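Colleague: I should be grateful for a close look at one part of this model, namely the paired strands and the side-chain contacts that link them. Please begin with a single strand pair and then place it in the setting of the whole chain.

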Amino acid sequence: MWTIARRPPAAGIAGALLGLTLSFPAIATDTAPVSRIEEAHACIQVGLAVAGDQALDLGKPLSAQYRVGARLSGQACDDVRSHTLSASKAPPVIAALRHLGSQLESGDPAAIELAECAARGGSITFADKEPQVSETGLQIWLLACGEERQVLATLDKSKEAPTVATLQLIPAQTPEAVAEELVADTLAPPFWKPDDLKIDAALSREAEDGKADDDEIKLRVEAGWERGANVTLFTLDNEYETRDGEILSREVASRLRWIRDFQPGWFVMAEGYAERDLFEFEDVDYDYLLLQAAAGGGYRWRWSDRGMLRVAVLWNEFDVSLVDLDADERVNAPSIYLASEWQLSTRLSAKGWGEFYYWETGDVGSDIDAELHYELTRHLGFGLRWTYTRDAASLNRTNEEEARLYLRYRF
């Protein structure tokens, strides 16, 4: 149930906000109510969403919500389907409805299928699915003469107000895989901007007789990009450890994985890894650089949005350089790659990956990284990370097992 405040613009804060946000000339008059605006192709209401048997909770911030309806075939606003949108999502959706309405009026061939429905006296309004809006575009579902149709629009970010750059109606006969890729390309953020960016921090201090002895700081930056069938994952680890002021480790490691998914579950992947640290040999510290390149393919199993498992076979090339001595060594080995993600509840998730190397000596190397994470808020969470290595592709982490609590900030 919508509770609507009907006041003149001069006395209504919600009306002023609506006018600034949407820039509708209809509210310029002194007598026009700010609660409802009817345009040629859109209907807008502003108010507070309150359940029918409840009162306003004055202990929570009161923010206006907008209810937007599509009237692309000229029907009355009382007869159209509408959706509740936030203040940030309403303007792009209204801009798309205006643009689509202009195409219908001008006879644009891009909207010919909708124009034919309108010419037959049919109804064109929103379908049951809510509009999807991102920074770069939006997707809306229309019900035209009883048939559901998808409309995609990209936004011109150079304009101050939401402006449609391109708009297309996905043909009804478009294969599902092609339509999904069109949607992903339209709604995806800029290529350089990660979909997911987070920083983990873990600190530890060991003391003996009340005196500080060992200090260790571990930072991890993770970023992820999903662009249609392409998935890119980047990880940067920085470990700094001292003992009585003397540097024991200053490891910096970065890993980049690129995955290309195919139907029904096949994928190919490439991986790059770099590690820089100090290596002690016969009481002498050497500065070294380890580089790894891998490529291969495998199969992916997905269980809706609850979980996913990947298995792949890779071929690896390694190059180890002692920077101070200008010496290097190259080796290669096959490996099996495993990765899994599980959404255990709304806030609790688990994920991990492991690589198992088959060295020429007959040894099997293991490199495993797993975590259990709990989201406290949208941006803050904590978790437990377990790492395990045996004969792994590293000079300092060849035989190591560690469990560590961390604090995470997500951007």
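Modeller: Strand S4 (residues 65-70) and S5 run antiparallel and are joined by four bridges. Within this pair, glycine 69 has serine 82 of S5 as its bridge partner. Serine 82 also belongs to an alternating pattern, for the side chains of strand S5 (residues 82-85) point to two faces in turn. His83 and Leu85 share one face and are buried, whereas Ser82 and Thr84 point to the other face and are not buried.

The model is a predicted one, and the setting of this strand pair is as follows. The chain contains four helices and 22 strands. It has 411 residues, of which 38% count as buried. Among contacts with a separation of 6 or more, 47% are between residues 24 or more positions apart.

Further along the chain, strand S17 (residues 307-322) and strand S18 (residues 327-343) pair in the antiparallel sense, over 16 bridges. One of the partnerships here sets valine 320 against glutamate 329 in S18. The hairpin of S17 and S18 has four residues between the strands, and in this hairpin aspartate 326 takes a positive phi near 55°. S18 also pairs with S19: the two run antiparallel and are joined by nine bridges. In that pairing, alanine 339 has tryptophan 353 of S19 as its bridge partner. The connection from S18 to S19 is a hairpin of four residues.

Side-chain contacts add a further set of links between strands. The structure holds 33 salt bridges, and three of them deserve individual attention.

In one, the side chains of lysine 218 and glutamate 239 meet at 3.5 Å, N to O. Because lysine 218 lies in strand S12 (residues 211-227) and glutamate 239 in strand S13 (residues 230-243), the pair ties together parts that are 21 residues apart in sequence. With a relative accessible area of 18%, lysine 218 is buried. Glutamate 239 counts as buried too, at 14% relative accessibility.

Another salt bridge involves S19, the strand already met in the hairpin with S18. Arginine 255 forms it with glutamate 355, and the closest N and O atoms are 4.0 Å apart. Arginine 255 lies in strand S14 (residues 246-261) and glutamate 355 in strand S19 (residues 348-358), so this pair ties together parts that are 100 residues apart in sequence. Both arginine 255 and glutamate 355 are buried.

Strand S14 takes part in the remaining example as well. Here arginine 300 forms a salt bridge with aspartate 261, the closest N and O atoms being 2.9 Å apart. The pair links distant parts of the chain, with arginine 300 in strand S16 (residues 284-303) and aspartate 261 in strand S14, 39 residues apart. Arginine 300 counts as buried, at 9% relative accessibility. Aspartate 261 is likewise buried, its relative accessible area being 15%.

The aromatic side chains provide another kind of contact. A search of the whole structure finds nine aromatic pairs. In one of these, the ring centres of tyrosine 299 and tryptophan 301 are 5.0 Å apart and the planes stand at 65°, so the pair is edge-to-face. Tyrosine 299 counts as partly exposed, at 22% relative accessibility. Tryptophan 301 is also partly exposed, at 39%. Ring pairs link these two residues with Trp266, so that Trp266, Tyr299 and Trp301 form a cluster.

To complete the picture, the surface of the model may be considered. The chain exposes about 23,200 Å², and carbon and sulfur atoms supply 55% of this area. A nonpolar patch on the surface is formed by Ile199, Tyr374, Leu376, Leu380, Phe382, Leu407, Tyr409 and Phe411, which together have about 720 Å² of accessible area. Strand S21 (380-390) and strand S22 (399-410) each supply at least two residues of the nonpolar patch. Tyrosine 409, one of the patch residues, has its place in strand S22. At 40% relative accessibility, tyrosine 409 counts as partly exposed.

Key:
Residues are numbered from 1 along each chain as its sequence is written. This is a predicted model: local features need pLDDT of at least 70, side-chain atom pairs count only at pLDDT 80 or more; totals for chains, interfaces and linings use all residues. Side-chain values use heavy atoms; hydrogens and water are left out. Buried means under 20% relative accessible area, exposed over 50%, partly exposed in between (1.4 Å probe, protein chains only). Contact means heavy atoms within 4.5 Å. Accessible areas come from the Shrake-Rupley method with a 1.4 Å probe; for residues, only the protein chains shown count as cover. Patches are made of residues with over 30% relative accessible area and no salt bridge: like charges are joined within 9 Å, nonpolar side chains (Val, Leu, Ile, Met, Phe, Trp, Tyr) within 5 Å. Two strands pair if DSSP finds at least two bridges between them. Rings of Phe, Tyr and Trp (its six-membered ring) pair if their centres lie within 6.5 Å; planes under 30 degrees apart count as stacked, over 60 as edge-to-face and the rest as tilted.
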